[in-house]
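Me: I'd like to go through this model and ask what stands behind the labels. Can you take me through them one at a time?

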Amino acid sequence: MFLWQLLSVLFVGSKKQQKPKYELSRYKRGDLLEVPRTLFTHFGIYLGDDRVAHLIPDILPAVSRNKGAIAKMVTNQRLLLGVISKVASVRVDSVADFAYGSDVLVNHTDKVIKRPPLDGDEVARRAEKLLGSVTYSLLWYNCEHYVMYCRYGVAISYQTYQFCTAVRRVVFSRTSAFLTALGGVGALLCAGCATPLALACTLLVSFTVWMAA
Ligand SMILES: *[C@@H]1O[C@H](CO)[C@@H](O)[C@H](O)[C@H]1NC(C)=O
């Protein structure tokens, strides 16, 4: 239950009350659209005519053949179950459904990445070619890898990079070495009495490894 709430906070964000208007004339075919979702950012490629191709975790195509239901906007439940079971699809939604009430940034990554973008039509063609089910990995294949491949020809993710750098910093810091040692001693001392805690730890570690793979 706790994990579920944690994932909700990380991925879903809260829907804003008043709907912002999306000025479709601002977007060109092949533009990279970006919407902030609490901790993570969601990315898509504009195809033209109010259509955005984006990679989003979604359990439904894996468990149902109901095309009508699948075509409807991905609900939070579908998304989180998709994250946990690592199934996602590249699908097309309207700008409003894609942005989920947030403001949209356009081509923002052009300033960050050192490569020039591919031609807009080529970007959109790549995006369309990948429509359908994919295996999702929080770290190794997410919505950012997809749009980066389409727009710049390289499947990279800054979020993964930053996340890994942060983890490395924490893992190799002196404090964490000290805490680990302390935890080890504590675990030895309490080995007899802390079985439910140990079980919870094991479960948490297993879950983390599953999500990171
Ligand atoms: C996005 O980038 C493309 C170049 O790939 C450019 O033609 C287009 O005008 C940009 N869109 C916006 C809204 O800046």
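**What the labels rest on**

Me: Why is Asp 49 called exposed?
Reply: This is a predicted model, and in it Asp 49 has a relative accessibility of 71%. Exposed means over 50%, so Asp 49 counts as exposed.

Me: Where does Asp 49 sit?
Reply: Asp 49 is in the loop between β2 (40-48) and β3.

Me: What makes the phi of Asp 49 worth a mention?
Reply: Its sign: phi of Asp 49 is positive, about 55 degrees, and the residue is not a glycine. Most residues other than glycine have a negative phi.

Me: Which other residues have a positive phi?
Reply: Among them is Asn 107, with a phi near 55 degrees, and again this is a residue other than glycine. Asn 107 belongs to the loop between β5 (105-106) and α6 (120-129). Lys 86, just after α4, has a positive phi too, of about 60 degrees.

Me: Why is Arg 51 called partly exposed?
Reply: Arg 51 has a relative accessible area of 33%. Buried is under 20% and exposed is over 50%, with partly exposed in between, so Arg 51 gets the middle label. This residue lies in strand β3. Its C-alpha atom is 6.0 Å from that of Val 92, although 41 residues separate the two along the chain.

Me: And what makes Arg 29 partly exposed?
Reply: Arg 29 has 33% relative accessibility, and that falls between the 20% and 50% cut-offs, so the label is partly exposed. Arg 29 is in the loop between α1 (2-11) and β1 (32-37). The C-alpha atoms of Arg 29 and Leu 47 are 4.8 Å apart, with their places 18 residues apart along the chain.

Me: Which residues of helix α4 are buried?
Reply: In α4 (residues 76-85) they are Arg 78, Leu 79, Leu 80, Gly 82 and Val 83. Each has to come in under 20% relative accessible area to be called that.

Me: Now the ligand. Which residues surround it?
Reply: Arg 26, Lys 28, Asp 31, Val 106, Asn 107, Pro 117 and Arg 151 do. By class, this shell holds 4 charged, 2 nonpolar and 1 polar residues.

Me: How do you know that Lys 28 makes a polar contact with the ligand?
Reply: A polar side-chain atom of Lys 28 is 3.1 Å from a ligand oxygen atom. The cut-off is within 3.5 Å, so the pair qualifies. Arg 151 also places a polar side-chain atom 3.1 Å from an oxygen atom of the ligand. For Asn 107, the distance from a polar side-chain atom to a ligand oxygen atom is 2.3 Å.

Me: How much of the ligand does the protein cover?
Reply: The ligand on its own has 360 Å² of accessible area, and the protein covers 56% of that.

Me: On to empty space: how many cavities of 30 Å³ or more are there?
Reply: The count comes to 3. The second largest cavity has a volume of about 70 Å³.

Me: What lines the second largest cavity?
Reply: Arg 37, His 54, Ile 56, Met 73, Val 74, Asp 93, Asp 97, Phe 98 and Tyr 100 do. The elements giving two or more residues to this lining are β3 (51-57) and α5 (95-99). By class, the lining residues divide into 5 nonpolar, 3 charged and 1 polar.

How values were computed
Residues numbered from 1 in each chain as written. Predicted model: local features only at pLDDT ≥ 70, side-chain atom pairs only at ≥ 80, totals over all residues. Heavy atoms only, no water. Near = heavy atom within 4 Å. Polar contact = N/O pair within 3.5 Å; in protein donor to acceptor, adjacent residues only side chain to side chain. Areas by Shrake-Rupley, 256 points an atom, 1.4 Å probe, with all protein chains shown as cover. Nonpolar A, V, L, I, M, F, W, Y, C, P; charged D, E, K, R; others polar. 1 Å grid on protein atoms, 1.4 Å probe; cavity = no way out; pocket = protein on both sides within 12 Å on 5 of 7 lines; lining within 4 Å. Points joined across faces, edges and corners; volume = space filled by probe spheres on them. Helix = DSSP H or I, 4+ residues; strand = E, 2+ residues; numbered from the N terminus. Buried < 20%, exposed > 50% of the residue type's maximum accessible area, 1.4 Å probe, protein only.
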